[in-house]
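Please open the model in your viewer and keep the selection panel at hand, since each stop on this tour begins with something to select.

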Amino acid sequence: MAVEQALTWLQNLNFPTQIRESDWLFPTIETVHVFALVLVVGSIMTVDLRLLGLTNRDRPFSQLAAEMLPWTWVAFAVAASAGLLMFSSKALIYYGNIPFRLKMCCLLLAGINMALFHWIGMRDLETWDRKQPPRLARFAGGTSLLLWTAIVAAGRWVGFTT
Amino acid sequence: MIEQFCDWLSRTGVSVAFQSANWFVPLVQTVHIIAIAILLTTVYVVSFRLVGITRGAQPLATLSARSAPWIWTALCVLLASGILLTITEPARELLNWVFRVKMLMVSALAAILWMVQSRMRRNPQYWTESPVRRRAARAIGIAAIVVGAGIVTAGRWIAYV
């Protein structure tokens, strides 16, 4: 109940109301969201494929990650901000939407996967930085690849069900 | 003429079959988005180097040569998934001026990428060997960044125009 009240308050704020009532605001914010998310997904998948040992095998993992991850973080900040604005315009509808909930769960899992890889999987990075990554790192890369594919699919599915 | 073609195409067995499966369009769009993710990221990484915004450990020519197969494969997947979406809803795409602008921008981007890559295949230093070439590389990189963003923007607005 408290959640519904909070979401009602959110979507009745000035800007969320404007987004809902305008013809062009939502598509514009959505365009920014899509533009940023393709860069998030593309940069993460580049790193994932290297973790799986499928691409860039002769490049040190640390070098590739250092070049790609700034793209990921900047684009993620933009995609998340635009996503929050889209959410705020129809908060109650999104909250009750199953694909939206699935997408948020997958995002959470992708975050946990990344944190675990960072804390545990990268401990012995020096031993495999220039080689095929060990099983744990490959697992993290494969999991990330699957989760981000699911995030894109669920996101598209949200668009067809709200 | 195009109207009649759209009408005919939307009544063909393939189109009707695609239309009747409600999971088909979201699924193909998901493939389309993942392919554009790979294409746009790769194009941006190369273009930012061309413009001089970022620096990388590997030479520009090496980066370009490595990214070329990804760029052209992604473009083929985009074309194939785009054709499937057009077969499903011909009028939504072919009669829409935003779709036509998008196709022009896709052709422009492909031409830019082909030029950037082919020059460097023959001469790895091509875009960096003189101040004039460096300025050209900067302009071409900016063009690729703008056109890439334009393609994504047009892609989303097809649904709204």
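A residue counts as buried if 20 or more other C-beta atoms lie within 10 Å of its own, as exposed if 12 or fewer do, and as partly exposed in between. Keep in mind throughout that this is a predicted model.

**Stop 1: a loop residue in chain A**

Select A:Asn56, which you will find in the loop between α3 and α4 of chain A. Is this residue buried, exposed or partly exposed? A:Asn56 has 17 C-beta neighbours inside 10 Å, and therefore it counts as partly exposed. Now look at its backbone: the phi angle of A:Asn56 is positive, at about 50°, although the residue is not a glycine. Most residues other than glycine have a negative phi.

**Stop 2: chain A as a whole**

Widen the selection to chain A and colour it by secondary structure, which shows 8 helices and 0 strands. Along its principal axes, the C-alpha trace of this chain spans about 55 × 30 × 25 Å. Of the 162 residues in chain A, 31% are buried. If you consider the contacts in chain A with a separation of 6 or more, 82% of them join residues 24 or more positions apart.

**Stop 3: along helix α3 of chain A**

Next select A:Val47, which lies in helix α3 of chain A. This residue is buried, because 24 other C-beta atoms lie within 10 Å. Leaving aside neighbours within four places in sequence, A:Val47 is in contact with A:Leu64, A:Ala65 and A:Met68. Then add A:Thr28 and draw a distance between the two C-alpha atoms: A:Val47 and A:Thr28 are 19 residues apart in sequence and 29 Å apart in space.

**Stop 4: where the two chains touch**

Show chain B as well, and select the contact between the chains, to which chain A gives 21 residues and chain B gives 19 residues. On the side of chain A that touches chain B, the elements giving two or more residues are α3 (25–51), α4 (61–89) and α8 (135–161) of chain A. Which of them gives the most? It is α3(A), with 12 residues. Coloured by class, this side of chain A has 12 nonpolar, 6 polar and 3 charged residues.

**Stop 5: two helices of chain B**

Now select helix α3 (residues 24–51) and helix α7 (residues 131–157) of chain B, whose axes come within 8 Å and cross at roughly 155°. Because of that angle, α3(B) is roughly antiparallel to α7(B). The crossing of α3(B) past α7(B) is left-handed. To see where they meet, show side chains including B:Ile36, B:Leu40 and B:Tyr44 in α3(B), and B:Ile140, B:Ala144 and B:Val152 among those in α7(B). The residues of this contact divide into 12 nonpolar, 3 polar and 1 charged.

**Stop 6: the largest nonpolar core**

Finally, select A:Ala36, A:Val38, A:Val41, B:Ile36, B:Ala37, B:Leu39 and B:Leu40, which, of the 60 residues in the largest nonpolar core, touch the most other members. At least two residues of this core come from each of α3, α4 and α8 of chain A, and from each of α3, α4 (60–88), α6 (97–122) and α7 of chain B. The element that gives the most to this core is α3(B), with 13 residues. End by centring the view on B:Ile36 which, apart from neighbours within four places in sequence, is in contact with A:Val38, B:Leu78 and B:Val152.

Conventions. Residues are numbered from 1 along each chain as its sequence is written. Chains are lettered from A and ligands numbered from 1 in the order in which they are written. This is a predicted model: local features need pLDDT of at least 70, side-chain atom pairs count only at pLDDT 80 or more; totals for chains, interfaces and linings use all residues. Two residues are in contact if their C-beta atoms, placed from the backbone, lie within 7 Å. Helices (H or I, at least four residues) and strands (E, at least two) are DSSP runs, numbered from the N terminus. Ala, Val, Leu, Ile, Met, Phe, Trp, Tyr, Cys and Pro count as nonpolar, Asp, Glu, Lys and Arg as charged, and the others, Gly among them, as polar. Axes are lines fitted to C-alpha atoms, for helices over the stretch in contact, and angles run from 0 to 180 degrees between N-to-C directions. Angles under 35 degrees count as roughly parallel, over 145 as roughly antiparallel, 65 to 115 as roughly perpendicular and the rest as oblique. A crossing is left-handed if the near helix is turned anticlockwise from the far one by less than a right angle, and right-handed if clockwise. A nonpolar core is a set of buried Ala, Val, Leu, Ile, Met, Phe, Trp, Tyr and Cys residues joined through C-beta atoms within 7 Å.
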